[in-house]
Amino acid sequence: MRADPRLATAAGALVGLGVAALADWWTVTWGDGMTGGGSAGLSGSLGTGGLAAILPGVVLAAMLATLTLATTGRRAVGLVAAAAGLGMAALGLLGGPPSDAVVEQHVLAATLGGAWSLTPTASPIAYGVVGLLVAAAALWLVVRPPVRRVRTAGGASGDVTDPLASWKAMDDGQDPTDSEGERA
């Protein structure tokens, strides 16, 4: 059995989605003269305006589409997934901190405001590395040779080629996959 790059790509996208939505990418520390100080985490999805969650979603949708496509379509969609994976890598490894307005809105949800500072965590780097892995797995899907289907000499039992005939057989109470067509 050959390894399927779609599984690796989808698994990487799910990990990326988890890092984007659940992990804190930045720690916001604040202090004001009235309420004291505090700190809170800022997730990748919140800090990037949702882009960190959208890119893995695109990869997952692309992998679902490859389940129904022929070789050429799979390769084209694989290129889209690779581009989204590279976008994940760029966002995680090269992306900067969130805008001041996003941070201030997050701070105002916890306190009356005041001075704040932003400290990055390791999560964006992990997201970027996952993005590189997603891009590599998607490119593996693009360059992999197509799977050759081997047909047996006599044909498989119940090999149905006409979908309409299958439905008619089922309406008549027959099993279209049964080579003898016995009644149920």
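1. A residue counts as exposed when its relative accessible area is over 50%. The model under review is predicted. In it, Leu-94 has a relative accessibility of 73% and is therefore exposed. Leu-94 belongs to helix H4.

2. Leu-94 is also part of a nonpolar surface patch, together with Leu-86, Leu-93, Ile-125, Val-129, Leu-132 and Leu-133. The accessible area of these residues together is about 700 Å². Two elements, helix H4 (71-94) and helix H6 (123-143), each supply two or more residues to the patch. The greatest contribution is that of H6, which gives four residues.

3. Helix H4 has another side to its account, namely its buried residues. Buried positions in H4 are Arg-74, Val-77, Gly-78, Ala-81, Ala-82, Ala-84, Gly-85, Met-88, Ala-89, Leu-91 and Gly-92. Among the elements that cover the buried residues of H4 are helix H1 (5-22), helix H3 (51-66) and H6. H6 thus appears twice in connection with H4: it is part of this cover, and it gives residues to the nonpolar patch.

4. The length of H4 can be checked against its residue count. H4 has 24 residues, and at 1.5 Å a residue the expected span is 34 Å. The C-alpha atoms at its ends are 33 Å apart, so the span agrees with the expected value.

5. How many aromatic pairs does the structure hold? There are two. In one of them, the ring centres of Trp-25 and Trp-26 lie 5.6 Å apart with an angle of 55° between the planes, so this pair is classed as tilted. The other joins Trp-25 to Tyr-127, with 5.0 Å from centre to centre and planes at 55°, and is likewise tilted. For reference, planes under 30 degrees apart would be stacked and those over 60 edge-to-face.

6. The Trp-25 and Tyr-127 pair connects distant parts of the chain, with the two positions 102 residues apart in numbering. Trp-25 lies in strand S1 (residues 24-32), while Tyr-127 lies in helix H6. Trp-25, Trp-26 and Tyr-127 make up one aromatic cluster.

7. Are the members of this cluster buried or exposed? Relative accessible area under 20% is the cut-off for buried. Trp-25, at 1%, is therefore buried. Trp-26 is buried as well, at 6%. Tyr-127 is at 0% and so is buried too.

Methods:
Residues are numbered from 1 along each chain as its sequence is written. This is a predicted model: local features need pLDDT of at least 70, side-chain atom pairs count only at pLDDT 80 or more; totals for chains, interfaces and linings use all residues. Side-chain values use heavy atoms; hydrogens and water are left out. Patches are made of residues with over 30% relative accessible area and no salt bridge: like charges are joined within 9 Å, nonpolar side chains (Val, Leu, Ile, Met, Phe, Trp, Tyr) within 5 Å. Accessible areas come from the Shrake-Rupley method with a 1.4 Å probe; for residues, only the protein chains shown count as cover. A salt bridge is a side-chain nitrogen of Lys or Arg within 4 Å of a carboxyl oxygen of Asp or Glu. Buried means under 20% relative accessible area, exposed over 50%, partly exposed in between (1.4 Å probe, protein chains only). Rings of Phe, Tyr and Trp (its six-membered ring) pair if their centres lie within 6.5 Å; planes under 30 degrees apart count as stacked, over 60 as edge-to-face and the rest as tilted. The expected span of a helix is 1.5 Å times one less than its number of residues. Contact means heavy atoms within 4.5 Å.
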